[in-house]
Amino acid sequence: MTVKIEVKELTKVYPSRNGPVCALHDFSLRVEEGEFVCLVGPSGCGKSTLLRILGGLITPSSGRVELFPRDEKVPLQNIVFQEYAIFPWKTVLDNVAFGLEMRGVPKIERRETARDWIRKVGLAKFVDAYPHQLSGGMKQRVSIARAFANDPEILLMDEPLGALDAQTRVILQGELIRLWEVSRKTVVYITHSIEESLLLGDRIILMTAHPGTYKTEFSVPFERPRSFELTSAPEFARLSYAIWQELEVEVKRTMEKQL
Amino acid sequence: MKGYRLPMDSRTRDRFLSIGFPLALLMLWEMTVRLQWLDGRFFPAPTTVFVALWELTVKGELLGKFWLLPGLIAAGDLSGIRKVFMEGHVLVSLFRIFSGFFVGVVPGIILGVVMGMNRTIRVALDPVVSAVYVLPKIAILPLVMLIFGIGETSKVVIVAIASFFLVLINSMAGVRDIEPIFIEAGRNYGANHRQMFYHIIIPAALPIIFSGLRLSLGTSLIVIIAAEFVAANYGLGYLVWFSWQTLLTENMFAGLVVIMILGALFTSGLQALERRLMPWQREELPASAEGEAKGVRVINP
């Protein structure tokens with residue numbers, strides 16, 4: 001196994017009106033090639049900050065981040081965003097083809113790739129629709145397809161299913177598992193949901209409450225291919241409870257701070 | 001698929017009301033004048049106004065002697081063609097509005113977008129822009145005439161100034177209000193500066209830029225009418241003002257009707273342009289599309 005992502009003693013401090021706020025403190029992480037790592041932690045633990053640093057959108061205050069590219073021809077990383085960050089002014093097709101277009105892939109080729117991914121996420125009938133014509137779940141499918149179509153080595157997912165209702169969420173979790181198990185890309189996946197992290201991930205990193213830092217980690221023993229059926233296994237419930245016991249302390253700490 | 005829909009009879013009733021009530025008002029007006037309850041010299045009956053409108057048109061006062069155009073074009077008589085356009089009140093006003101509008105709007109959009117994107121330029125220019133923005137533009141007409149003379153230029157310039165600031169403020173707001181997540185998505189997917197501008201900043205700001213265009217076209221109409229009241233020998237403002245001074249009230253009302261028509265045409269024209277340029281802003285599909293897609297599964301990934 002080769003190391004794909006190396007994060008060392010990462011700290012991010014934001015300036016604010018009430019003095020500097022430390023969002024992320026002394027965080028280290030190593031992700032192997034082809035590994036699906038879930039980051040779980042209470043709200044405001046700096047998960048999104050970490051992901052944005054990995055995605056090159058913000059610079060850390062101190063510490064080191066390294067992503068190791070394998071192939072110079074494909075993009076190194078892409079983010080699937082938390083909110084619906086697909087462009088309302090582009091059709092489903094142009095949204096999914098966006099990354100390819102930015103990279104200068106010729107029109108016919110990028111449209112073909114985009115159509116292929118749109119079909120894979122089950123939106124073939126909506127190729128020419130605009131996002132305002134789609135439901136929340138469909139928009140997020142577009143967002144996922146946009147990332148997969150660009151074919152990056154690393155996928156960074158910032159609670160991609162966080163805003164969906166519980167049932168749509170289960171469906172999309174299933175779709176994500178299947179898409180990922182075919183491609184086996186390196187994934188860093190942020191979520192609030194313990195079940196989701198157990199269902200999707202190879203490894204779960206727990207983070208402490210504000211300021212966010214590494215708390216502990218669990219490796220997920222379940223065989224692949226996985227499906228929602230897994231959630232009925234006794235081992236799933238046992239692990240889920242064990243993780244919650246660790247997480248509960250942090251969540252309560254966050255709540256106390258808010259009071 | 002079965003949404004609630006007004007029963008047919010109540011929809012026809014709505015249509016009947018929206019056309020019938022204004023018609024009834026016009027008839028009431030007509031009657032009160034005919035019965036001499038209203039003084040026809042001040043409030044000419046709608047039919048009188050209509051006749052005045054017709055006469056102004058056939059005498060070539062509103063649209064110029066446009067029936068001469070084919071002959072003049074055939075003869076290649078440029079100054080004759082120019083003369084036709086210079087003598088119609090509607091054509092003169094339209095020329096002033098649109099040339100001023102374009103002269104103002106193009107740099108307004110450019111500078112507004114630049115100010116929205118560049119903090120340094122924004123901070124430097126904002127106080128000046130805000131100060132001039134709050135000034136009613138018609139107030140600087142004397143100054144503009146002092147600089148550009150009393151001819152056409154000063155009218156075009158005053159319209160240009162009015163549209164410039166409205167569009168600038170809106171374009172700047174449009175760019176600044178862009179959701180940061182769109183910018184982040186653009187950067188994460190490797191958009192360079194030029195791609196960021198064309199694929200994200202412009203389309204994201206376009207709805208608000210357009211509301212600036214709508215506001216400034218409306219304001220252009222106001223400004224040009226006001227300017228023509230005081231400083232013109234042609235144009236709709238002049239027609240209304242001159243008709244009032246000479247107590248040709250039916251011509252005054254005819255002028256008002258034409259101005260109303262222009263206002264309505266501007267609005268619907270811009271709306272049509274908006275629908276063309278921003279197809280993503282059309283109304284939502286019925287909720288059925290949503291339910292249909294929820295069951296969709298991954299097909300052979």
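**Figure 1. The three-stranded open sheet of chain A in the predicted model.** The strands of this sheet are ordered S2-S1-S4 in chain A, and their pairing is antiparallel. Strand S2 (21–32) and strand S4 (62–67) of chain A form the edges, each pairing on one side only. On average, neighbouring strands of the sheet are turned by 15° against each other, direction ignored. Strand S1 (residues 3–14) of chain A is joined to S4(A) by five bridges, and the two strands run antiparallel. Within this pairing, Thr11(A) has Ser62(A) of S4(A) as its bridge partner.

**Figure 2. The six-stranded open sheet of chain A.** Mixed pairing links the strands in the order S5-S6-S7-S3-S8-S9 of chain A. The edge positions belong to strand S5 (77–80) and strand S9 (214–219) of chain A, each of which pairs on one side only. From one strand to the next, the twist averages 20°. Strands of a sheet pair through backbone hydrogen bonds, in either a parallel or an antiparallel manner. Strand S6 (residues 154–158) of chain A runs parallel to S7(A), and five bridges join the two. Met157(A) stands opposite Tyr189(A), a residue of S7(A).

**Figure 3. Helix H1 of chain A on the six-stranded sheet.** Helix H1 (residues 47–54) of chain A packs on this sheet. The strands touched by H1 are S3, S5, S6, S7 and strand S8 (203–207) of chain A. The direction of helix H1 makes an angle of about 155° with that of S7(A).

**Figure 4. Helix H6 of chain A and its surroundings.** Helix H6 (residues 166–183) of chain A comprises 18 residues and reaches 26 Å from its first C-alpha to its last. This span is close to the 26 Å expected at 1.5 Å a residue. The buried residues of H6(A) are Ile171(A), Leu172(A), Gln173(A), Glu175(A), Leu176(A), Ile177(A), Leu179(A) and Trp180(A). An α-helix has 3.6 residues a turn, so residues three or four places apart point the same way. The cover over the buried residues of H6(A) includes two strands of chain A, S3 (36–40) and S7 (186–191). Helices H4 (107–120), H5 (136–150) and H7 (194–200) of chain A are also among the covering elements. After H6(A) comes Arg184(A), which has a positive phi, near 50°.

**Figure 5. Chain A as the setting of the preceding views.** The secondary structure of chain A consists of eight helices and nine strands. For 259 residues, a compact globule would have a radius of gyration near 18 Å, and the 18 Å of chain A agrees with this. Its C-alpha atoms fill a box of roughly 50 × 45 × 40 Å along the principal axes. Of the 259 residues in chain A, 47% are buried. Among contacts in chain A with a separation of 6 or more, 73% involve residues 24 or more positions apart.

**Figure 6. The helices of chain B.** Chain B contains 13 helices and zero strands. Its radius of gyration is 25 Å, well over the 19 Å given by the globule rule for 301 residues, so chain B is more spread out than a compact globule. The C-alpha trace of chain B spans about 80 × 60 × 45 Å along its principal axes. Buried residues account for 31% of the 301 residues in chain B. Residues 24 or more positions apart provide 70% of the contacts in chain B with a separation of 6 or more.

Terms used:
Residues are numbered from 1 along each chain as its sequence is written. Chains are lettered from A and ligands numbered from 1 in the order in which they are written. This is a predicted model: local features need pLDDT of at least 70, side-chain atom pairs count only at pLDDT 80 or more; totals for chains, interfaces and linings use all residues. Helices (H or I, at least four residues) and strands (E, at least two) are DSSP runs, numbered from the N terminus. The radius of gyration is taken over C-alpha atoms; the globule rule is 2.2 Å times the number of residues to the power 0.38. A residue is buried if 20 or more other C-beta atoms lie within 10 Å of its own, exposed if 12 or fewer, and partly exposed in between; C-beta atoms are placed from the backbone. Two residues are in contact if their C-beta atoms, placed from the backbone, lie within 7 Å. The expected span of a helix is 1.5 Å times one less than its number of residues. Two strands pair if DSSP finds at least two bridges between them. Axes are lines fitted to C-alpha atoms, for helices over the stretch in contact, and angles run from 0 to 180 degrees between N-to-C directions.
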